[in-house]
Amino acid sequence: MKLILVAGARPNFMKIAPILESLRRRPARAPVMEVLLVHTGQHYDRKMSDDFFSDLGIPEPDINLGVGSGSHAEQTARILTAFEKVCLSERPDWVIVVGDVNSTMACAVTAKKLGIRVAHVEAGLRSGDMSMPEEINRLCTDAISDLLFTTDEIASANLRREGVPDSRIRFVGNTMIDTLLRHLDRARQMAPPHGLPEGGFAVLTLHRPSNVDDCATLSQIMEALLDVARRIPIIFPAHPRTLGRLKEFGLLATIQDAGLIRLIQPLSYLPFVGMVAHARMVLTDSGGIQEETTVLGIPCITMRPNTERPITCEIGTNILAGNDPARIRGAALEVLSSGPRQFSIPEKWDGRAAERIVELLGGDQPSRRLDL
Ligand code: UD1
């Protein structure tokens, strides 16, 4: 049996790493599974891609499509064209896609149209917000996937509500958390950055187009964050998109002159997780960081009006603040003035999701297991 595992952008890399590792660890008596790793090249900077491969011990991709940046249509079109050639020459039995980036959707569509079976890892997440490109990617990918691996029962219920039969849904847990648990000790050994005291700083990440592409919105968010930074130092590893916008809108100098928010280059996986694990709180608009902070027990203020990961608010440490400056300020000050939050870790976020996936994809009796 031949599998193609696809990764394209930064948040994909920690999701594929444990799947590859579980595939590698399959017992010698298990049927032969040939695995090809395809990197679409959606993210290509060393700090957005290569450093993650080395931190996580992911082997060099077998094929890199080198699609690079562009508008959604341009990027998606380049992936469709390049990945079709790969599928035609390699003829895999399955294509496995993870997450919700453009590469996820484009590779799923390409494979499905060639009659290749598609498995989606992290299926069923829904924000209900069709202005997010990721929501469109999730809906398209889930609608055509043959096998849908979910991270929680809320996601499985979303799929059922959309008419997906139970036979295609598998609640396996969260491969991003597999990676977190596997590397946490090493990450924690890294000292907090810039000599900051343990628990005495906040981490900021910001890159959603809805937050950073409009000058007025980004200015207001940055003003609220500067207010928060008067109470606690903020470290800000800036995404290239955000850095570009800060420069374009003339906001970079204001932030640097205030000297309260320390803007640094994007970090690779281990230093980033280490920094979050030592932080007092995180302010973010990321998807995955909402999950990582829940497992680490670190308060997370999510600067978005909605989340596709409601379980992190229901039982985890996540607080939705939207992008209204007063709400961001209020939520941050409340976290700073209150004690530790009560939280629980979602079911099956136990470091074994990838094992479950590999077992379901092939196991010892591939023909029986694959006829879903
Ligand atoms: C993408 C994902 C988003 C994910 C994010 C994580 C989609 C629709 N969005 O958004 O879900 O949360 O990745 O980072 O797939 N750039 C570089 N170097 C790189 C990559 C990008 O400089 O290695 C710059 C380019 O100017 C590019 C811009 O960042 O145009 C945006 O990159 P893109 O991949 O289009 O989307 P992200 O905002 O990174």
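How many salt bridges does a search of the whole structure find? I ran the search and noted 25 salt bridges. I record at the outset that this is a predicted model.

**Entry 1: individual salt bridges**

I began with Glu162, which forms a salt bridge with Arg126; their closest N and O atoms are 2.7 Å apart. I then located the two residues. Glu162 is in the loop between helix H6 (153-161) and S7, and Arg126 is in the loop between S5 and helix H5 (133-144), so that I noted a link between distant parts of the chain, 36 residues apart. I also looked up the exposure of each partner. Glu162 counts as partly exposed because its relative accessibility is 44%. Arg126, at 12% relative accessibility, counts as buried.

I turned next to Arg138 and found a salt bridge with Glu308, with 3.4 Å between the closest N and O atoms. Arg138 belongs to helix H5, while Glu308 sits in the loop between strand S12 (300-302) and helix H14 (311-314), so this pair ties together parts that are 170 residues apart in sequence. I noted that Arg138 and Glu308 are both buried.

The third pair I looked up was Arg245 and Asp213, a salt bridge whose closest N and O atoms are 2.8 Å apart. Arg245 lies in helix H10 (residues 240-248), and Asp213 lies in the loop between helix H8 (209-212) and helix H9 (215-229); the pair therefore ties together parts that are 32 residues apart in sequence. Arg245 is partly exposed, with a relative accessible area of 24%. Asp213 also counts as partly exposed, at 32% relative accessibility.

I then asked which residues are joined into one network by salt bridges that share partners. I listed Lys15, Asp100, Glu122, Glu135, Arg138, Glu291, Arg304, Glu308 and Arg309.

**Entry 2: a buried charge without a salt bridge**

I looked up Asp178, which is placed in helix H7 (residues 175-188). Asp178 is buried yet has no salt bridge. Why does Asp178 have no salt bridge? The nearest side chain of opposite charge, Arg356, is 6.1 Å away, and a salt bridge is counted only within 4 Å, so this pair does not qualify. I also listed the contacts of Asp178, leaving aside its neighbours within four places in sequence: Pro18, Gly351, Arg352, Ala353 and Ala354.

**Entry 3: aromatic rings**

I searched for aromatic pairs and found that the structure holds 2. Phe13 and Phe52 form a tilted pair, with 6.3 Å from centre to centre and 50° between the planes. Phe13 lies in helix H1 (residues 10-24) and Phe52 in helix H2 (residues 46-56), so the pair ties together parts that are 39 residues apart in sequence. Phe13 and Phe52 are buried.

Phe13 also pairs with Phe53. The centres of these rings are 5.1 Å apart and their planes stand at 65°, so I entered the pair as edge-to-face. Since Phe13 lies in helix H1 and Phe53 in helix H2, the pair ties together parts that are 40 residues apart in sequence. Phe13 counts as buried because its relative accessibility is 0%. Phe53 counts as buried at 8% relative accessibility. I recorded Phe13, Phe52 and Phe53 as one aromatic cluster.

I made a separate note on Phe171. Lys348 lies over the face of Phe171, at 4.4 Å from the ring centre.

**Entry 4: the parallel sheet**

In what order do the 7 strands of the open sheet stand? I read the order as S3-S2-S1-S4-S5-S6-S7, with parallel pairing. Strand S3 (63-64) and strand S7 (169-171) stand at the edges with a single partner strand each, so one side of each is left without a neighbour in the sheet.

I then examined S5 and its partners. Strand S4 (residues 94-98) and S5 pair in the parallel sense over 5 bridges. I noted Arg117 in S5 as the bridge partner of Trp94. Strand S5 (residues 117-123) is also joined to strand S6 (residues 147-150) by 4 bridges, and these strands run parallel. In that pairing, Ala119 stands opposite Leu147 in S6. Is S5 mostly covered or mostly exposed? I found S5 mostly covered, with 6 of its 7 residues buried.

Definitions and conventions: Residues numbered from 1 in each chain as written. Predicted model: local features only at pLDDT ≥ 70, side-chain atom pairs only at ≥ 80, totals over all residues. Heavy atoms only, no water. Helix = DSSP H or I, 4+ residues; strand = E, 2+ residues; numbered from the N terminus. Buried < 20%, exposed > 50% of the residue type's maximum accessible area, 1.4 Å probe, protein only. Lys, Arg positive; Asp, Glu negative; His and termini not counted. Contact = heavy atoms within 4.5 Å. Phe/Tyr/Trp six-rings, centres within 6.5 Å; stacked < 30°, edge-to-face > 60°. Lys NZ or Arg CZ within 6 Å of the ring centre and 35° of its normal. Pairing = 2+ DSSP bridges.
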